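Visitor: I have a model open and would like to go through it with you. Where shall we begin?
Guide: Let us settle one term, and then turn to the model itself.

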Amino acid sequence: EDYRAYHRYNSITHDVFKRFNEPLRSVRWRFANTRATGGTPLADGMQFGLEALNGRAETHRVLFVVTDGLPNGGHMPIIQRQCRLAKSAGIHIVGVGLGRGAKYVENCFPDAVYAPRVSDMPKLLIEKLNDLIDVRVKGPGRAANLR
């Protein structure tokens, strides 16, 4: 069978590290038990996150899409559509790229953070969070800081 017409043709597993109502201290162990199995089904993970955020009542919703590699084949058009739908739903997406294979986030997402080394990421994420908070608290005049 020709699977090229589909972005996914096998099952996926979503690793949920923390639900909205769970205290971090009670689920820390989940983060330590992360496993990678190859591939980057980015559109599928984004859809899972967007559906979870869409049901939330908060007025300021942000989805951080963290990746270390290129999305699986066929996912880019879906990701572009998801970004458009998220914007119209009031969900802000930030692409977070870690390592050389993830620099594409700067061109893929309307707002992005890229770090060639994992050690650079904490500082960059804190800066991004500060920018998001400044825009939210001080108003859109600060939006020039966002990509």
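Guide: A residue is called buried when its relative accessible area is under 20%, exposed when the value is over 50%, and partly exposed in between. Glu106, with a relative accessible area of 25%, is therefore partly exposed. Please bear in mind that this is a predicted model.

Visitor: Glu106 then: which side chain does Glu106 meet in a salt bridge?
Guide: The partner is Lys103, and the N to O distance is 2.7 Å. Lys103 is partly exposed as well, at 43% relative accessibility.

Visitor: How many salt bridges are there in the whole structure?
Guide: A search finds six. Among them is the bridge between Arg117 and Asp120, with N and O 3.0 Å apart. Asp120 has a relative accessibility of 23% and so counts as partly exposed.

Visitor: And which residue forms a salt bridge with Lys128?
Guide: That is Asp111, and the closest N and O atoms are 2.6 Å apart. The pair links distant parts of the chain, with the two positions 17 residues apart in numbering: Lys128 belongs to helix α5 (residues 121–138), while Asp111 sits in the loop between α4 (105–108) and β3 (112–115).

Visitor: Are those two buried or exposed?
Guide: Both Lys128 and Asp111 are buried.

Visitor: Let me step back. What is the order of helices and strands along the sequence?
Guide: The pattern reads α-α-β-α-β-α-β-α, which amounts to five helices and three strands.

Visitor: What share of the residues is buried?
Guide: The protein chain has 147 residues, and 31% of them count as buried. Its accessible surface is about 10,000 Å², with 54% of that belonging to carbon and sulfur atoms. As for contacts between residues at least 6 apart in sequence, 59% join residues at least 24 apart.

Visitor: Strand β1 interests me. Where does Thr67 lie, and is Thr67 buried or exposed?
Guide: Thr67 lies in strand β1, which covers residues 61–67. Thr67 is buried, its relative accessible area being 5%.

Visitor: What does its side chain reach?
Guide: The side chain of Thr67 reaches the backbone oxygen of Gly69, at 2.9 Å. Beyond its neighbours within four places in sequence, Thr67 is in contact with several residues, including Thr40, Leu42, Val96, Leu98 and Tyr104.

Visitor: Arg61 is in that strand too, I believe. What is the nearest side chain of opposite charge?
Guide: Arg61 is indeed placed in strand β1. The nearest side chain of opposite charge is Glu58, 6.4 Å away. Side chains of opposite charge can pair when their charged atoms come close. A salt bridge requires a side-chain nitrogen within 4 Å of a carboxyl oxygen, and Arg61 has no salt bridge although it is buried.

Visitor: What, then, lies 2.5 Å from a polar atom of the Arg61 side chain?
Guide: The backbone oxygen of Ala89 does. Ala89 also appears among the residues that Arg61 touches, not counting those up to four places away in sequence; others include Leu53, Asn54, Ile91 and His92.

Visitor: A change of topic: how many disulfides does the structure hold?
Guide: It holds zero.

Visitor: Why is there no bond between Cys83 and Cys108?
Guide: The sulfur of Cys83 is 6.0 Å from that of Cys108, its closest cysteine sulfur, which is too far for a bond. A disulfide needs the two sulfur atoms within 2.5 Å. Cys83, at 12% relative accessibility, counts as buried, and Cys108, at 11%, is likewise buried.

Visitor: Last, two arginines. Where is Arg28, and is Arg28 buried or exposed?
Guide: Arg28 lies in helix α1 (residues 24–32). With a relative accessible area of 56%, Arg28 is exposed. Its C-alpha atom is separated by 8.5 Å from that of Lys18, 10 residues apart along the chain.

Visitor: And which residues does Arg35 touch?
Guide: Leaving out residues up to four places away in sequence, Arg35 touches Thr13 and Asp15. The C-alpha atoms of Arg35 and Asp15 are 9.0 Å apart, and the two residues are 20 residues apart along the chain. Arg35 is found in the loop between α1 and α2 (42–54), and Arg35 is partly exposed at 49%.

Methods: Residues are numbered from 1 along each chain as its sequence is written. This is a predicted model: local features need pLDDT of at least 70, side-chain atom pairs count only at pLDDT 80 or more; totals for chains, interfaces and linings use all residues. Side-chain values use heavy atoms; hydrogens and water are left out. Helices (H or I, at least four residues) and strands (E, at least two) are DSSP runs, numbered from the N terminus. Buried means under 20% relative accessible area, exposed over 50%, partly exposed in between (1.4 Å probe, protein chains only). Contact means heavy atoms within 4.5 Å. Accessible areas come from the Shrake-Rupley method with a 1.4 Å probe; for residues, only the protein chains shown count as cover. A polar contact is a pair of N or O atoms within 3.5 Å; within protein, one must be able to donate a hydrogen and the other to accept it, and residues adjacent in sequence count only if both atoms are side-chain atoms. Lys and Arg count as positive and Asp and Glu as negative; His and the chain ends are not counted.
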